[in-house]
Amino acid sequence: MIPTVFDTSDLVTKQRTSYDVLASLVSEVGELAEEIAIQQGHSGKTPGADGVFGESVDVMICALDMIHVNFPEITEEDVISMVEQKCAKWLMMRDKWDNQ
């Protein structure tokens, strides 16, 4: 999955800046928020075709694009390693919250 996103990022215009990618990411997070609001009954709108799942994937793609635009040398293995570190930290925080 990660190489697919990185390869696609390379095919998109090279003139994109971090700010351009950030604008896309923020837009996708807004669309995700809207879908969650719809799903949770906080909006009278009808769900979009992508729903929460599709919009979540769009956010992931934009986040990976941000990594690739800023750090083109980063590999899939680097991303996986960082994800593992972040998940371990997340679990440590969960244990801390559970013990309060």
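Is Cys-87 buried, partly exposed or exposed? I shall begin with that residue and then turn to the packing of helix α1. Please keep in mind that this is a predicted model.

Cys-87 has a relative accessible area of 35%, so the residue is partly exposed. Cys-62, in contrast, counts as buried, at 12% relative accessibility.

How many disulfides does the structure hold? The number is zero. Cys-62 is in no disulfide, and the nearest cysteine sulfur, that of Cys-87, lies 20 Å away. Seen from the other side, the closest cysteine sulfur to that of Cys-87 is in Cys-62, and the 20 Å between them is too far for a bond. The cut-off behind this reasoning is that a disulfide requires the two sulfur atoms to be within 2.5 Å.

I now turn to the helices. Two packed helices are described by the angle between their axes and by the distance between those axes. I shall give both values for each of two pairs.

The first pair is helix α1, residues 2-11, with helix α4, residues 76-98. Their axes come within 9 Å and cross at roughly 125°. That angle makes α1 oblique to α4. The crossing of these helices is right-handed. Which residues meet here? On the α1 side they are Ile-2, Pro-3 and Phe-6, and on the α4 side Glu-76, Val-79 and Ile-80. By class, this contact of α1 with α4 comprises five nonpolar residues, one charged residue and no polar ones.

The second pair is α1 with helix α3, which covers residues 51-70. Here the axes are 9 Å apart, and the packing angle is about 65°. The crossing of α1 and α3 is right-handed. From α1, the residues involved are Ile-2, Val-5, Phe-6, Ser-9 and Asp-10. They meet Ile-61, Leu-64, Asp-65, Ile-67, His-68 and Val-69 in α3. In this contact of α1 with α3, seven residues are nonpolar, two are polar and two are charged.

One residue of that contact deserves a separate word. Is Ser-9, in helix α1, buried or exposed? Ser-9 counts as buried, because its relative accessibility is 7%, and the limit for that class is under 20%. What does Ser-9 touch, leaving aside its neighbours within four places in sequence? Its contacts are Arg-16, Asp-65, His-68 and Val-69. Among them, Asp-65, His-68 and Val-69 are also on the α3 side of the contact with α1.

That concludes my presentation.

Definitions and conventions:
Residues numbered from 1 in each chain as written. Predicted model: local features only at pLDDT ≥ 70, side-chain atom pairs only at ≥ 80, totals over all residues. Heavy atoms only, no water. Buried < 20%, exposed > 50% of the residue type's maximum accessible area, 1.4 Å probe, protein only. Axes fitted to C-alpha atoms, helices over the stretch in contact; angles between N-to-C directions. Helix = DSSP H or I, 4+ residues; strand = E, 2+ residues; numbered from the N terminus. Parallel < 35°, antiparallel > 145°, perpendicular 65-115°, else oblique. Left-handed = near helix turned anticlockwise from the far one by under 90°. Contact = heavy atoms within 4.5 Å. Nonpolar A, V, L, I, M, F, W, Y, C, P; charged D, E, K, R; others polar.
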